[in-house]
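Me: Please take a close look at one part of this model, its internal spaces, and describe with care what lines them. I would like one connected account rather than a list.

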Amino acid sequence: RWWLHHSLQVLDENLRQRGSMLVIKRGRSAAVIIQLARQFGAKFVYWNRLYEPAVLQRDIELTSELEASAICAESYNGSLLFEPWRTVKEDKTPYQVFTPFWNKCLSLSPPPEPVSAPEKLPPLPDGLGSLPLEELKITPHSHWDKGLAKSWIPGEDAARQRMDYFLKDILRHYYEGRDYPAKDLTSRLSPYLHFGEISPRRLWYACRSLELMDPRPGIIKGTEEWLRELGWREFGYHLLFHFPKTPEQPLREQYSQFPWTDDYTDLRLWNYGLTGYPIVDAGMRQLWTTGWMHNRVRMIVASFLVKDLMIPWTEGSRWFWDTLVDADLACNTLGWQWAAGCGADAAPYFRIFNPSLQGKKFDPTGDYIRKYVPELTDVPHQYIHTPWEAPHLTLFESGVELGKNYPYPIVDHAEARQRALSVFEGFKKK
């Protein structure tokens, strides 16, 4: 909501620079749009499609009512590379494994090239009127959003600047460095994609152009790997379109009977980064502060919730939906069902991330942890991932008192792993 407010604000500014403005109305979509069309004699209504189930249903109703009112309605694909109904198998059934899905996408004709925005727009008719953006009341009433404002600049211009920076300075390092959360070696374009401030088509063609201009191995590997990540985004929408109940229900229906726990004390400790596992806590605090989390860390914290704590994936999905600036129904659902082993191309139940080993591998000197868990700033790097193993004198000299200013681990990972394996194996046999 924070991003939405500022994105609409920037959109209005951009439209005004071109001689138009953003018009905000309140009411049922079809009724408001038909009223406007009749008021000003419009014969056509055009829009870019979205693919969430509720929005698709709204668009079906809107199209029907517009056509019943003798107004031509037409929508376009502005948010995906490929339409979900084109990325199916030969027998018209949807793919549920990523690699053959992506191969299918790559076998199709390339997506249309993006069209530049017009320099000028005709002025809107007199008497149109608009609600003030502030009347939507979607901004926070407290100052908890300072971290968001420090971390992000919403809007199309900011999206273009980030794309240019990513392509120029990051992409050649992306393949080797994308898993290290302390380094700025990911695109950070996901919120801009979600809010339509940049299109996947523009990113696709920018990457392909870079490949032609600079065919060094680092660029080629980085481009292919990053376009594959765009492919995972497409895969999420493909699944959501064909399986619209998955935001609440597992794709693998048998998992609806899985014996999750309901320890909501552990859930709250996970929410606020108080699990006692530094890499998990750093990720959850990065999320709360900036509205974003590095993808490698998203996998670690998700595995911890559903495997170590055995808490339902839907609880994690809801928390991410509330706190991510790039909260995207398709991608959020895909990621959480993957972690829980109940979705498409899911991680096998016996794949359980060890948070300490993951931290040592991908944040070896603890720079990421120290940034978001300041209680551990002075802990030597050999203990930064397992402070409970540090000698008492080391903790004392580092200003850490376990159980007081930083928690003990809320579970023993080795024991939690065995418990999870036992429950999953028993469930599988049953």
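Reply: A cavity is here a set of grid points where a 1.4 Å probe fits but cannot get out, and a residue counts as lining when one of its atoms is within 4 Å of such a point. The model is a predicted one, and with 30 Å³ as the lower limit, two cavities are counted in it.

The largest cavity has a volume of about 90 Å³, and its wall is made by G236, L239, L240, F243, T246, L251, A330, T333, L334, Q337, G343 and A344. Two helices, α9 and α14, each contribute at least two of these lining residues, with α14 giving the most, four residues. In chemical character, the lining of this largest cavity comprises seven nonpolar and five polar residues, with no charged residue among them.

The second largest cavity encloses about 30 Å³ of space, and the residues around it are M299, S303, K307, W338, A339, A347, R351 and F353. Here the elements that supply two or more lining residues are α12 and α14, and it is α12 that gives the most, with three residues. By class, the lining of the second largest cavity has five nonpolar residues, one polar residue and two charged residues.

The helices named so far return in the second largest pocket, a space of about 1,200 Å³. Its lining amounts to 36 residues, and those that lie nearest the centre of the pocket are E229, W232, N295, R298 and C331. Two or more lining residues come from each of α7 (190-194), α9 (217-242), α12 (295-308) and α14 (329-340), and the largest share, seven residues, is that of α14. The lining of this pocket divides by class into 18 nonpolar, eight polar and ten charged residues.

Taken together, α14 is the element that gives the most to the lining of the largest cavity, and α14 also has the largest share in the lining of the second largest pocket, whereas in the second largest cavity that place belongs to α12. Charged residues are absent from the lining of the largest cavity, but two are found around the second largest cavity and ten line the second largest pocket.

Terms used. Residues numbered from 1 in each chain as written. Predicted model: local features only at pLDDT ≥ 70, side-chain atom pairs only at ≥ 80, totals over all residues. Heavy atoms only, no water. 1 Å grid on protein atoms, 1.4 Å probe; cavity = no way out; pocket = protein on both sides within 12 Å on 5 of 7 lines; lining within 4 Å. Points joined across faces, edges and corners; volume = space filled by probe spheres on them. Nonpolar A, V, L, I, M, F, W, Y, C, P; charged D, E, K, R; others polar.
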